[in-house]
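Colleague: Could you give me a close look at one part of this model? I'm after a salt-bridging arginine and what it hooks up with.

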Amino acid sequence: MITANGIEEILALEGRDLGTSAWRTVTQDVIDTFAEVSGDGQWIHTDPVRAAAGPFGGTIAHGYLTLSWGIPMFAELLRVTGVGMALNYGLNKVRFPAPVPVGGRVRLHASVPEVTAVPRDGVQMVRAFTFELDSSGKPACVAESVTRYYRSPS
C-alpha cells in the first residue's frame, strides 16, 4: 500500500501505477444482496435455473456491483492522509467487456494518469481502474474514476 500525505504528495502520484488489490470471489449471495439493494433483479443475475440456459451458462454479477468494488479495492492500494476531505466526483468512462460468473474472482489494477489543481484549494485525481477477471483474458470492467481531495480548513 502507498500512502500520500497531503495535497503535494497526491500531486506527485501523477503517472504512477499503484498495483493490484487482493482477489474477491463473486458469490450468489453477494449478487442477490446487490440485486435487492439496487432494485435490479434481472434473471441473468438472480435466477440460477433460468440463467443456466441463458447466454452465459449461469448467473453473472451486475456490472455496477463490480464497479462498486472499486472503492474498497482502491483503499487496499492507496491511503490518503493529511487532507480535510475526499469527494467522489464521478466517472469519465465505464465499460464491462466480460461477464463475471458466480465463483469468478476479480481484482483491481489501478494507476493515476492525471492529478490537477481545482478551486477551493484541492486536487482532482483521475484513477484508471481495470478490474481483472481470473477466468478471462478480457477485464470485467474498465473505468476512469475521479476523486477530489481538499485541504483541511485553517
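How exposed is Arg 151, as a relative accessible area?

Modeller: Before the answer, a quick word on the ground rules: this is a predicted model, where local features need pLDDT of at least 70 and side-chain atom pairs count only at pLDDT 80 or more, while totals for chains, interfaces and linings use all residues. Residues are numbered from 1 along each chain as its sequence is written, and side-chain values use heavy atoms, with hydrogens and water left out.

Now, Arg 151: its relative accessible area is 34%, so it's partly exposed (buried is under 20%, exposed over 50%, partly exposed in between, with a 1.4 Å probe and protein chains only). Its side chain has two partners to look at, Glu 8 and Asp 121.

Take Glu 8 to begin with. The side chains of Glu 8 and Arg 151 come together in a salt bridge, 2.9 Å from N to O (that is, a side-chain nitrogen of Lys or Arg within 4 Å of a carboxyl oxygen of Asp or Glu). This pair ties together distant parts of the chain: Glu 8 sits in helix H1, residues 7-11, whereas Arg 151 is in the segment after S8, and 143 residues separate them. (Helices, H or I of at least four residues, and strands, E of at least two, are DSSP runs numbered from the N terminus.)

Then there's Asp 121. The side chains of Asp 121 and Arg 151 also meet in a salt bridge, with an N to O distance of 2.9 Å. Here too distant parts of the chain are linked: Asp 121 belongs to the loop between S6 and S7, and Arg 151, in the segment after S8, is 30 residues away. With a relative accessibility of 47%, Asp 121 counts as partly exposed. Put the two pairs together and you get a network of salt bridges that links Glu 8, Asp 121 and Arg 151. So if you want the view in one frame, centre it on Arg 151 and bring in H1 on the Glu 8 side and the S6-S7 loop on the Asp 121 side.

The structure holds four salt bridges, and one more is worth pulling up alongside. Arg 107 pairs with Glu 132, and their closest N and O atoms are 2.5 Å apart. That pair also spans distant parts of the chain, from Arg 107 in strand S6 (residues 105-118) to Glu 132 in strand S7 (residues 122-133), 25 residues apart. Both ends fall in the middle accessibility class: Arg 107 is partly exposed, at 24% relative accessible area, and Glu 132 is partly exposed too, at 23%. In general, side chains of opposite charge can pair when their charged atoms come close.

While you're on S7, click on Gln 124, which is found in that strand. Unlike the partly exposed Glu 132, Gln 124 is buried, its relative accessible area being 15%.

One last stop, at the start of the chain: in strand S1 (residues 2-5) the side chains alternate, with Ile 2 and Ala 4 buried on one face, and Thr 3 and Asn 5 pointing to the other face and not buried.
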